[in-house]
Amino acid sequence: MQFGRNPAHRQIPRYEDDSIAWNASWEAIAASETPILMSTAAADQVLRRFGEAKEPYYGHFPSSGQDGTYNPFPNYNFTGSVRPVYPLSPKRVVPDHIPRPDYAEDGRPVSEAKLAGQPPRILSREEQNKMRTVCRLAREVLDIAASHVRPGVTTDEIDAIVHQATIERNAYPSPLNYRNFLKSICTYVLRRLLASSPPMDSYVTLYYDGYHSDLNETYPVGEIDEDAKKLLRTSRSCLDEAIKICMPGALFRDIGKVIEPIARANGCATVRTYTGHGINDLFHCSPTNIPHYSKNKAVGTMKAGMVFTIEPMINLGSNWDDIHWPDNWTATTVDGKKSAQFEDTLLITETGVEILTAGKRTDLS
Ligand SMILES: [Co+2]
């Protein structure tokens, strides 16, 4: 498939210095101590759709803070109160002995492009076992990351923890250098998480023994308000109910028909830009678009041996649209309201579905 730019980019103002306008950033910080509106995005998919992230700009900005940090897009009309904080930490190193996907060196997922448009693959028994292994490892790493989520932690600290836990398992952190993405996890948040503020979303994607897994959860950080609690419960149940219909013969388009009514009934909206996707020896593959909204025209029937993700992004309120920062990958809600997301990697079995990334549930009550 082609990775065209989203029309949302056209709304982004131009800067005097073009080198600033398309930098890659991944850290964001809350500008104030008021309850924070955080948005999450499947950053892996932002990259998939939007093309390559750009090298960060490390130059001087007049708006630099006393600690040397700065907002690289001071003129951008941000929604919500989350802001980028530069400079980014240096790219983390993966030891040479760990096998890596094709894009690890130059950022280009060539094999994904080659196989675009192919029907979904049915995995052999051996491949299914490899998917079980890599998904179990991803769950272990995500749980380690979750155990470090607390007020005051930075997303960069979580990235370091995930990177270390991943390479300790002889796995490669799949997001690293995927279309030149600079980090080992996709996380969206506040660089420094405040007590009584936002949920934090964390993605863990591993590559091990030739196969990828994909998993994400949103966590409360400190005390969160009732709206945020409702959002987390709704997002989790959107995913859980959608998984229940998965079995041989079920239609991919019906997933969205389960999810959107649950979101609406709880005063929430379903993001349309980002979708579930096939995953196996490729990070993203056929079926490339598994929509989470009702009126979709996704084609295809589930068959035993297929592996794919479901990962609905649910926004508080009725606005499902999203907008992107000039860094080429950070997605936020257009109205600055909170958003949450949960994702699992699923295997269709002869009789139903196996949640390959299943694990202990966070208490969302
Ligand atoms: Co995914």
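**Notebook: binding-site residues and two helix pairs**

Started with His 284, which the UniProt annotation "binding site" (unreviewed entry) covers. Note to self: UniProt positions are given in the numbering used here, feature names are shortened, and annotations may be inferred rather than shown by experiment. I am working on a predicted model, where local features need pLDDT of at least 70, side-chain atom pairs count only at pLDDT 80 or more, and totals for chains, interfaces and linings use all residues. Residues are numbered from 1 along each chain as its sequence is written.

I looked up where His 284 sits: in the loop between strand 8 (276-278) and strand 9. My helices (H or I, at least four residues) and strands (E, at least two) are DSSP runs, numbered from the N terminus. Is His 284 buried or exposed? His 284 is buried, because 23 other C-beta atoms lie within 10 Å. The cut-offs I use are 20 or more other C-beta atoms within 10 Å for buried, 12 or fewer for exposed, and partly exposed in between, with C-beta atoms placed from the backbone.

Just along the chain, I checked a peptide bond: Ser 286 to Pro 287 is cis, with omega near -5°. Pro 287 belongs to strand 9 (residues 285-290).

**The other annotated site**

The "binding site" annotation from UniProt (unreviewed entry) also covers Asp 201, Asp 214 and Glu 343. I picked Asp 214, which is in strand 6 (residues 211-220). Asp 214 is buried, since 29 other C-beta atoms lie within 10 Å. What does Asp 214 contact, leaving aside its neighbours within four places in sequence? I get Thr 205, Ile 279, Thr 309, Glu 343 and Thr 345; contact here is C-beta atoms, placed from the backbone, within 7 Å. So one of the partners of Asp 214 is Glu 343, which the annotation covers too.

**Whole chain**

I counted 7 helices and 16 strands. Buried residues make up 49% of the 365 residues. Of the contacts between residues at least 6 apart in sequence, 76% join residues at least 24 apart.

**Helix pairs**

Helix 4 (residues 125-147) and helix 5 (residues 155-168) have axes that come within 9 Å and cross at roughly 150°. Axes are lines fitted to C-alpha atoms over the stretch in contact, with angles from 0 to 180 degrees between N-to-C directions. That angle makes helix 4 roughly antiparallel to helix 5 (under 35 degrees counts as roughly parallel, over 145 as roughly antiparallel, 65 to 115 as roughly perpendicular, the rest as oblique). I find Val 141, Ile 144 and Ala 145 of helix 4 in contact with helix 5, through Ile 158, Ile 161, Val 162, Ala 165 and Thr 166. By class, this contact has 7 nonpolar, 1 polar and no charged residues. Classes: Ala, Val, Leu, Ile, Met, Phe, Trp, Tyr, Cys and Pro are nonpolar, Asp, Glu, Lys and Arg charged, and the others, Gly among them, polar.

Next I took helix 6 (residues 226-244) and helix 7 (residues 254-265), whose axes come within 9 Å and cross at roughly 155°. Helix 6 and helix 7 are therefore roughly antiparallel. Thr 234, Ser 237, Cys 238, Glu 241 and Ala 242 of helix 6 meet Ile 255, Val 258, Ile 259, Ile 262 and Ala 263 of helix 7. This contact has 7 nonpolar, 2 polar and 1 charged residues.

**Positive phi**

Asn 170, not a glycine, has a positive phi of about 55°. Asn 170 is in the loop between helix 5 and strand 3 (172-173).

Terms used:
Two residues are in contact if their C-beta atoms, placed from the backbone, lie within 7 Å.
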